[in-house]
Amino acid sequence: MPTDLKSSRKKRGSVSCGHGRVGKHRKHPGGRGNAGGQHHHRILFDKYHPNHFNKTGMRRFHDTKQKHHCPSINIDKIVAYAKKINLDCPETIDITKWGFFKLLGKGKLPSKPLIIKAKVFSKKAQNKIVKSGGACVILP
C-alpha cells in the first residue's frame, strides 16, 4: 500500500495520533497474549473460554494400548476377503490369520454353512452363523 493512503498520514499534526492525551498509547498494557487469564482477564476467560484451566479425570501412567487391541471385521466382508486372497469358498475360515480378532454381525452369510475361527464373536454374528448351520470356534 502506498504511504500516502495510510491512515497515519491523516493523523499527522494531531499530537497523539488518535490515542488520547491522558491514557497514552503504551506497549502491552494488559500483558502479552493470554496473560491474566486467572487474574485481570478472568471475566473474559470464564465467559468465552470455560474449562480453559480445568483438568478432569484421572491420569493413567504408562497407558499401554495393546490390552485393548481388537481389530474387527463384519460377516459380509469375510467372503469378499476370502475371494480377494484367492480362497475359493472354504469351509473353515480363520480370521486371526488375516489380523482380525473379532467378528461382527453386519451383513449376510453365504448359503453354505461355514466354520469360522476367531478370538471374539458378537452375539449377532454368533446367532447368524449358528442359524446358517455353521459353527463358531473361539481361539485362545
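Lys-112, at a relative accessibility of 31%, counts as partly exposed, and this value, like the others below, comes from a predicted model.

**Exercise 1. A salt bridge between two loops**

Find the residue whose side chain meets that of Lys-112 in a salt bridge, and state where in the chain the two partners lie.

Solution. Step one is to identify the partner: the side chain of Glu-91 meets that of Lys-112, with a distance of 3.3 Å from N to O. Step two is to place the pair, which links distant parts of the chain, 21 residues apart. Glu-91 belongs to the loop between H3 and strand E2 (92-94), while Lys-112 belongs to the loop between strand E3 (102-104) and E4. Step three is to compare the surroundings: Glu-91 has a relative accessibility of 51% and counts as exposed, because the limit for that class is over 50%, whereas Lys-112 at 31% is partly exposed.

**Exercise 2. A network of charges**

Work out which residues are linked in a network of salt bridges, and how accessible each of them is.

Solution. Begin with the total, for the structure holds four salt bridges. Next, take the bridge between Arg-60 and Asp-63, in which the closest N and O atoms are 3.6 Å apart. Asp-63 also forms a salt bridge with Lys-65, and here the closest N and O atoms are 3.8 Å apart. Joining these two steps gives a network made up of Arg-60, Asp-63 and Lys-65. As for accessibility, Arg-60 is exposed at 54% and Lys-65 is exposed at 60%, while Asp-63, with a relative accessible area of 35%, is partly exposed.

**Exercise 3. The nonpolar core**

Describe the largest nonpolar core by its number of residues, by the residues with the most contacts inside it, and by the elements that supply it.

Solution. The core has 16 residues, and Ile-78, Ile-95, Trp-98, Leu-103 and Ile-116 are those with the most contacts inside it. At least two residues of this core come from each of helix H3 (75-84), strand E4 (115-118) and helix H4 (123-131). The greatest contribution is that of H3, which gives three residues. To see one member in detail, consider Ile-95: leaving aside residues up to four places away in sequence, its contacts include Ile-73, Ile-78, Leu-103 and Ile-116, and also Phe-100 and Phe-101. As background, nonpolar side chains tend to be buried together in soluble globular proteins.

**Exercise 4. The two sides of helix H3**

Decide which residues of H3 are buried, how they are arranged around the axis, and what the opposite face carries.

Solution. First list the buried residues of H3, namely Ile-75, Ile-78 and Ala-82. Viewed down the axis of H3, they fall within an arc of 25 degrees, so they line one face of the helix. Then turn to the face pointing away from this buried side, where the exposed residues Lys-83 and Lys-84 are found. Finally, ask what the buried residues of H3 pack against: their neighbours are strand E1 (72-74), E2, E3, E4 and H4.

**Exercise 5. Aromatic rings**

Determine how the rings of Tyr-81 and Trp-98 are arranged, and which residues make up their aromatic cluster.

Solution. A search of the whole structure finds three aromatic pairs. One of them joins Tyr-81 and Trp-98, with 4.7 Å from centre to centre and 35 degrees between the planes, and this pair is tilted. The pair links distant parts of the chain, 17 residues apart, since Tyr-81 lies in helix H3 and Trp-98 in the loop between E2 and E3. Tyr-81 is partly exposed at 25%, but Trp-98 is buried, with a relative accessible area of 17%. Adding Phe-100 to Tyr-81 and Trp-98 completes one aromatic cluster. Another ring, that of Phe-101, has the charged end of Lys-119 over it, 4.3 Å from the ring centre.

**Exercise 6. Two loop residues**

Locate Thr-64 and Pro-110, and state whether each is buried, exposed or partly exposed.

Solution. Thr-64 lies in the loop between helix H2 (42-48) and E1, and at 18% relative accessibility this residue counts as buried. From Thr-64 to His-41, 23 residues apart along the chain, the C-alpha atoms are separated by 39 Å. Pro-110 lies in the loop between E3 and E4, and its relative accessibility of 28% makes it partly exposed. Between Pro-110 and Lys-67, which are 43 residues apart in sequence, the C-alpha to C-alpha distance is 33 Å.

Note on methods: Residues are numbered from 1 along each chain as its sequence is written. This is a predicted model: local features need pLDDT of at least 70, side-chain atom pairs count only at pLDDT 80 or more; totals for chains, interfaces and linings use all residues. Side-chain values use heavy atoms; hydrogens and water are left out. A nonpolar core is a set of buried Ala, Val, Leu, Ile, Met, Phe, Trp, Tyr and Cys residues joined through side-chain atoms within 4.5 Å. Buried means under 20% relative accessible area, exposed over 50%, partly exposed in between (1.4 Å probe, protein chains only). Helices (H or I, at least four residues) and strands (E, at least two) are DSSP runs, numbered from the N terminus. Contact means heavy atoms within 4.5 Å. Rings of Phe, Tyr and Trp (its six-membered ring) pair if their centres lie within 6.5 Å; planes under 30 degrees apart count as stacked, over 60 as edge-to-face and the rest as tilted. A charge sits over a ring if NZ of Lys or CZ of Arg is within 6 Å of the ring centre and within 35 degrees of the ring normal. The arc is that of the directions from the helix axis to the C-beta atoms.
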